[in-house]
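Trainee: I am new to this structure and would like a close look at one part of it. Could you take me slowly through the sheet with the mixed pairing and the elements that go with that part of the chain?

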Amino acid sequence: MESVPVLIVGAGPAGLATAACLGQFSIPYAIVERESCNASLWRNRAYDRLKLHLAKEFCELPHMSYPVDAPTYIPRTLFVKYLDDYVERFNIQPKYLTSVESSTYDNDEKCWSIVATDMSKCTTVKFTTKFLVVESGENSAENIPMIPGLENFPGDVIHSSSYKSGKSYSGKNVLVVGSGNSGMEIAYDLATHGANTSIVIRSPIHVMTKELIRLGMTLAHHLPLNLVDKLLVMAAYLIFGDLSRHGITRPKMGPMTLKSETGRSAVIDVGTVGLIKKGIIKVSISLT
C-alpha cells in the first residue's frame, strides 16, 4: 500500500502538467500510466502529418515555453520531444505499465482507495490518496460503431488511432466515417496519396482556418463570445463560401460558444474543403 497526497492517473500532456505544477509547490504525488511511455496517444496513435491545430502560444504546458525557433503550429514529432524535455526538466517519474482497475472514496477517512495492476509484474498495486486526478484523456478509447453488415465486409476496417499515412491506400476506395478534425485531415491525406476518398458528414460543423481560430482565441480574451462568433462565421463565409451545396452545414451555435458549452471543436481546414469542392473527395451526408 502506497500513500500519497495526490495520485495522477495518466501521463499525457495534462497529467504531466499537473505533476509539474505540484512539483513547483513541493506537493508530493505519484503518477501512473498504463502504457510504457508518456503521451502514448501522440507518440504511437497519431497519423504522420499531424500538427497541433492551435498556435503554439495556446499549447504550452505550465512553466516551460517552446524553443524560440519553434514553428507557430507544432508538428507531432516536435511536440513529443517537447513533452520528453518537460518530463526531464521537472523530474517527472511516471509509474509506467500501471493500469488503474478501481477507485473507491471513503467518506469517513476522506480519502481514495485505488487498486491498480503492475502489468510488467502481473501484480496488484494499491494506493491511498486524498486527491485523485484523472487525466486519462477524452480521446483515449477508440470506438468503431457496430454497423450492420460490417462483420462481412472484406476490406480493412481501422480506427483513426491506427492510421499513419495514405501511402498504402493509393488507388483504393476508402470511406472515412466522421468529419471532425481527424476525419477531415485523414480524408485529405488519403486523397493526396491517390485514394478514391469519400467522407461521411453526419452533423453540422464549423469549418475554420487555423488563422481564424488563432484570431478567435485571442479576441475571446477581450470581447464577448457571441461577438467573436459573429466575426468568425462572417470571415469563414468569405473564405469558404456557402458549403451547404457540398453537404456541409453550420451549427446554429457559434464556434467559440459551441466549444465552451459542449466541448465540440470547429474543424480546422487543411485543404480538405478545396478537394471536396473539386469533387476529389466525395461527401456522404449520413450513414445508416
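Mentor: What follows begins with how the model was made and read, then goes through that sheet, and ends with a second sheet and a helix pair for context.

This is a predicted model, in which local features need pLDDT of at least 70 and side-chain atom pairs count only at pLDDT 80 or more, while totals for chains, interfaces and linings use all residues. Residues are numbered from 1 along each chain as its sequence is written, and side-chain values use heavy atoms, with hydrogens and water left out.

The sheet you ask about is open and has 5 strands, which lie in the order β2-β1-β5-β4-β3 with mixed pairing. Its edge strands, each pairing on one side only, are β2 (29-32) and β3 (98-106). On average, and with direction ignored, neighbouring strands of this sheet are turned by 45° against each other. Strands here are DSSP runs of E with at least two residues, helices are runs of H or I with at least four residues, and both are numbered from the N terminus; two strands pair if DSSP finds at least two bridges between them. At one edge, β2 and strand β1 (residues 2-9) pair in the parallel sense over 4 bridges, and within this pairing L7 has A30 in β2 as its bridge partner.

Between α1 and β2 there is a loop that holds S26, a residue with a positive phi of about 55° although it is not a glycine. S26 is exposed, with a relative accessible area of 65% (buried means under 20%, exposed over 50% and partly exposed in between, with a 1.4 Å probe and protein chains only). Another residue that is not a glycine, N91, has a positive phi of about 50°, and N91 is found in the loop between α3 and β3.

The two helices that lead into these loops also meet each other: the axes of α1 (residues 13-24) and α3 (residues 76-89) come within 11 Å and cross at roughly 25°. Axes are lines fitted to C-alpha atoms, for helices over the stretch in contact, and angles run from 0 to 180 degrees between N-to-C directions. That crossing angle makes α1 roughly parallel to α3, since angles under 35 degrees count as roughly parallel, over 145 as roughly antiparallel, 65 to 115 as roughly perpendicular and the rest as oblique. P13, L16, A17 and A20 of α1 make the contact with F79, L83, Y86 and V87 of α3, where contact means heavy atoms within 4.5 Å. By class, this contact of α1 with α3 has 8 nonpolar, no polar and no charged residues (Ala, Val, Leu, Ile, Met, Phe, Trp, Tyr, Cys and Pro count as nonpolar, Asp, Glu, Lys and Arg as charged, and the others, Gly among them, as polar).

For context, there is also an open sheet of 3 strands in the order β6-β7-β10, with parallel pairing. Its edge strands are β6 (173-177) and β10 (281-284), each of which pairs on one side only, and the twist averages 25° from one strand to the next. β6 is joined by 5 bridges to strand β7 (residues 196-200), and the two run parallel.

Lastly, helix α6 (residues 225-240) and helix α7 (residues 255-262) pack at an angle of about 130° with their axes 7 Å apart, and α6 and α7 are therefore oblique to each other.
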